[in-house]
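Here's a quick tour for anyone meeting this structure for the first time. Have a look at the sequence and the model, then follow the notes below.

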Amino acid sequence: MKVIGLTGGIGSGKSTVAALLAGHGRPVIDADVIAREISGPGQPAQIEIARAWPVVDDRGVIDRKKLAAIVFSDEQSRKRLEAITHPHIRARVAEQAAALAKAGHPLAFLEAALLVETGFYRSLQGLVLVTAGEETRIARVMQRDGCSRASVLSRMAAQAPLATKLALADYVVDNDGTPEATAREVARMLAKLA
């Protein structure tokens, strides 16, 4: 089975493209969902996070906004968080990919923001980059997360530059236009992969 990476900067619309792919019957492994699972109450990553930062309440739930404020303002903290979570995420991705292959799927996508930054894209059979203009991305994240412009910019700064991702991408989906235009681009990309 081929596993193609699906990435893009924060607010670019990876989830929109993932939903379109799913609508075409293509399974999508969502690294954000996995990250939440592996850092849930009592999970090994949650225990390590609780030891590292005071961001876990008495029910074992991580205050994600508090954690984000810490790790996106301090590179060492961000790297420490990645060292805690990424091995667990990669293991779960491998499990899900194996299950999809066993079920007979010839193609699946892995939606993850940091495929390029972590080098994980190298273990995949292709890379799709979702793009959108910077102001569009900032507005989307501010609306979605209820956060400040400064907060969004600090998250953007923690990601690889667009030029780096463009140089590595096998396919680019522009998600700065209408939903219909994005849907057409996804259909064209899938036709190339078929």
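Let's start with E111, which sits in strand β3. Keep in mind that this is a predicted model. From E111 we'll move on to the cores, a few other buried spots, the salt bridges and a patch on the surface.

**E111 and its surroundings**

- Is E111 buried or exposed? With a relative accessible area of just 5%, E111 is buried, because anything under 20% counts as buried.
- The side chain of E111 has a polar partner: a contact of 3.0 Å to the side chain of S15.
- S15 is also among the residues that E111 touches; setting aside anything up to four places away in sequence, the list runs L6, K14, S15, A18, V28, I29, D30 and A31.
- E111 also comes within reach of a stretch far off in sequence: its C-alpha atom is separated by 8.0 Å from that of D32, though the two are 79 residues apart along the chain.

**The nonpolar cores**

- The largest nonpolar core has 29 residues, and the members touching the most others are I29, I49, W53, L67, V93, L110 and L115.
- Which elements each supply at least two residues of this core? They are α2, α3, α4 (64-71), α5 (75-102), β3 (107-111) and α6 (115-118).
- Helix α5 gives the most to this core, with six residues.
- There's another core lying apart from that one; it has 15 residues, including I4, A18, Y171 and L190.
- Back to L115: leaving out residues up to four places away in sequence, L115 touches G5, L6, T7, L110, F120, Y121, L124 and L127.

**S39, tucked into a loop**

- You'll find S39 in the loop between α2 (31-38) and α3 (44-52).
- S39 is buried, at 4% relative accessible area.
- What does the side chain of S39 reach at 2.7 Å? That would be the backbone oxygen of A35.
- The S39 side chain also makes a polar contact with the side chain of R64, at 2.9 Å.
- R64 shows up again among the residues that S39 touches beyond four places in sequence, along with A45, Q46, I49 and I62.

**Two more buried residues**

- K165 belongs to helix α9 (residues 162-168), and with 2% relative accessibility K165 counts as buried.
- Not counting residues up to four places away in sequence, K165 touches G8, G9, A113, V116, E117, L129, Q159 and A160.
- A132 lies in a loop, the one between β4 (127-131) and α7 (134-145), and A132 is buried too, at 12% relative accessibility.
- How far apart are A132 and G11 in space, C-alpha to C-alpha? The answer is 7.9 Å, with their positions 121 residues apart in sequence.
- Apart from neighbours within four places in sequence, A132 is in contact with S12, R137, R140, N175 and D176.

**Salt bridges**

- Side chains of opposite charge can pair when their charged atoms come close.
- How many salt bridges does the structure hold? There are nine.
- One of them pairs R92 with E37, with the closest N and O atoms 3.0 Å apart.
- This pair links distant parts of the chain, as R92 is in helix α5 and E37 is in helix α2, 55 residues apart.
- Both partners are partly exposed: R92 has a relative accessible area of 23%, and E37 comes in at 36%.
- R92 also bridges to E95, where the closest N and O atoms are 3.9 Å apart.
- E95 and R92 are both in helix α5, three residues apart, or about one turn of the helix.
- Through shared partners, salt bridges join E37, R92 and E95 into one network.
- E75 and K79 form a salt bridge as well, at 3.1 Å from N to O.
- Why are E75 and K79 separated by about one helical turn? Because they're four residues apart in helix α5.
- E75 is partly exposed at 46% relative accessible area, and K79 is partly exposed at 43%.

**A nonpolar patch on the surface**

- L162, L166 and V172 make a nonpolar surface patch of about 240 Å².
- V172 sits in strand β5 (residues 171-174) and is partly exposed, with a relative accessible area of 41%.

Note on methods:
Residues are numbered from 1 along each chain as its sequence is written. This is a predicted model: local features need pLDDT of at least 70, side-chain atom pairs count only at pLDDT 80 or more; totals for chains, interfaces and linings use all residues. Side-chain values use heavy atoms; hydrogens and water are left out. Patches are made of residues with over 30% relative accessible area and no salt bridge: like charges are joined within 9 Å, nonpolar side chains (Val, Leu, Ile, Met, Phe, Trp, Tyr) within 5 Å. Accessible areas come from the Shrake-Rupley method with a 1.4 Å probe; for residues, only the protein chains shown count as cover. A salt bridge is a side-chain nitrogen of Lys or Arg within 4 Å of a carboxyl oxygen of Asp or Glu. Buried means under 20% relative accessible area, exposed over 50%, partly exposed in between (1.4 Å probe, protein chains only). A polar contact is a pair of N or O atoms within 3.5 Å; within protein, one must be able to donate a hydrogen and the other to accept it, and residues adjacent in sequence count only if both atoms are side-chain atoms. Contact means heavy atoms within 4.5 Å. A nonpolar core is a set of buried Ala, Val, Leu, Ile, Met, Phe, Trp, Tyr and Cys residues joined through side-chain atoms within 4.5 Å.
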